[in-house]
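Open the model in a viewer and keep the sequence panel beside it. The stops below each give a selection and then what is found there.

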Amino acid sequence: MASTIAGYPPDTIKVRLQTQSLTNPRYSSAIHCLFKMVREEGLVSLFRGMSTPLFSRAIINAVSFSTYTHLLHIIHTDDTPPSLFSLFLAGGGAGAFSALIAGPTELIKVQLQVAGTNIPVSEGPILQARRVFRSLGVRGMFIGVVPTILRDFLCLGTFFAVSAALNRKIASEIPGGSTASLSILTGAIGGITGWAICYPLDVWKSNVQNFVPRPGAEAPKKGMTLRQFFTTRYHTMGIRSLYSGLAATLFRAGPVNGAKFFTFEAVLRLLHKF
């Protein structure tokens, strides 16, 4: 919960930078976005929609880590250490499965993060979810779930593979090197690597989910296939448009994923004692 609260403002800044106009951008950088939001919308604007991940992230993490462990047992059946590819597949499968839960929660989060003054601060995730449901039905809640699945498959697969590879390297070269602090470090590096690789998919996801729900409206489609989206952004502003807000994400990804991997390793060690 503490990591969600601390990491939420950078996530809001990331989403604002990802979804702003390419031809007439409102923010020039993450720092500019931070000060402009606080000055024009108040400090509370950095935390809009936070209750959604605050209460869902623990469930999503539990599902992803338990699915990862289960899939790894299916993919790797002998007593030798699993290959990095096996770890990647298990992690990717866990990310894809948990994305089915994360997709709808991320939809509401993104819409509240970009709302600005268009939606009163007093109106939170429940009211926004009702708007989407009344406008587009159940299918509206799952808009952007495909980009979320692809993003989380690549991100979590990389996270587990890189973190495990670093842990093995340290354990083989440094006697007693697998300590809590090193688990945090390897998890942080794994998280940063995963987000750096999957980030263009996250930009796609944020833009697919950034729409205003209206009664009787059609689901947003135009220009939002993976190929169309990437082509449009590349021709408008070049490759850097696919990485808008990356600095804010990497700033957040290190400590959050370090803590996540440390907790996962600690729980595994505890379970092995029983």
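**Stop 1: helix 8**

Select helix 8, residues 226-237: its twelve residues, at 1.5 Å each, should span 16 Å, and its end C-alpha atoms lie 17 Å apart, which agrees. The expected span here is 1.5 Å times one less than the number of residues in the helix. Helices (H or I, at least four residues) and strands (E, at least two) are DSSP runs, numbered from the N terminus. Step to glycine 238, just after helix 8, where phi is positive at about 85°.

This is a predicted model, in which local features need pLDDT of at least 70 and side-chain atom pairs count only at pLDDT 80 or more, while totals for chains, interfaces and linings use all residues. Residues are numbered from 1 along each chain as its sequence is written, and side-chain values use heavy atoms, with hydrogens and water left out.

**Stop 2: the whole chain**

Zoom out and colour by secondary structure. The chain holds nine helices and zero strands, and its elements run α-α-α-α-α-α-α-α-α from the N terminus on. Of its 274 residues, 49% count as buried; buried means under 20% relative accessible area, exposed over 50%, and partly exposed in between (1.4 Å probe, protein chains only).

**Stop 3: helix 3**

Select residues 51-75, which are helix 3. At 1.5 Å a residue, the 25 residues of helix 3 should span 36 Å, and the end C-alpha atoms are 36 Å apart, in agreement. Centre on arginine 57, where helix 3 bends by about 40°; the bend at a residue is the angle between axes fitted to the seven residues ending there and the seven starting there. The buried residues of helix 3 include Thr52, Pro53, Ser56, Ile60, Phe65, Tyr68 and Leu72.

**Stop 4: the cavity**

How many cavities of 30 Å³ or more does the count give? The count comes to one. On a 1 Å grid over the protein atoms alone, a cavity is a set of points where a 1.4 Å probe fits but cannot get out, and lining residues have an atom within 4 Å of a point. Grid points are joined across faces, edges and corners, and a volume is the space filled by probe spheres set on the points. The largest cavity has a volume of about 40 Å³.

Show Thr52, Pro53, Ser56, Arg57, Thr105, Glu106 and Lys109 as sticks, since these residues line the largest cavity. Helix 3 and helix 4 (84-113) are the elements that give two or more residues to this lining, and helix 3 gives the most, with four. The lining divides into one nonpolar, three polar and three charged residues. In this scheme Ala, Val, Leu, Ile, Met, Phe, Trp, Tyr, Cys and Pro count as nonpolar, Asp, Glu, Lys and Arg as charged, and the others, Gly among them, as polar.

**Stop 5: salt bridges**

A salt bridge is a side-chain nitrogen of Lys or Arg within 4 Å of a carboxyl oxygen of Asp or Glu. The whole structure has twelve salt bridges.

Start with glutamate 106 and arginine 151, whose side chains meet in a salt bridge (3.4 Å, N to O). Glutamate 106 lies in helix 4 and arginine 151 in helix 6 (residues 145-173), so the pair ties together parts that are 45 residues apart in sequence. Glutamate 106 is buried at 8% relative accessibility, and arginine 151 is buried at 4%.

Move to lysine 14 and aspartate 11, which form a salt bridge (3.1 Å, N to O). The two are three residues apart in helix 1 (residues 2-19), which means about one helical turn separates them. Lysine 14 is buried at 4% relative accessibility, as is aspartate 11 at 8%.

Both pairs belong to a wider selection: Asp11, Lys14, Arg57, Glu106, Lys109, Arg151, Asp152, Asp202 and Lys205 are linked in a network of salt bridges.

**Stop 6: two contacts across the sequence**

Select valine 132 in helix 5 (residues 125-141). Is valine 132 buried or exposed? Valine 132 is buried, with a relative accessible area of 0%. Its C-alpha atom is 5.3 Å from that of proline 213, 81 residues away in sequence.

Finish on phenylalanine 153 in helix 6, which is partly exposed at 29% relative accessibility. Phenylalanine 153 and serine 98 are 55 residues apart in sequence and 9.4 Å apart in space, C-alpha to C-alpha.

Technical notes:
1 Å grid on protein atoms, 1.4 Å probe; cavity = no way out; pocket = protein on both sides within 12 Å on 5 of 7 lines; lining within 4 Å.
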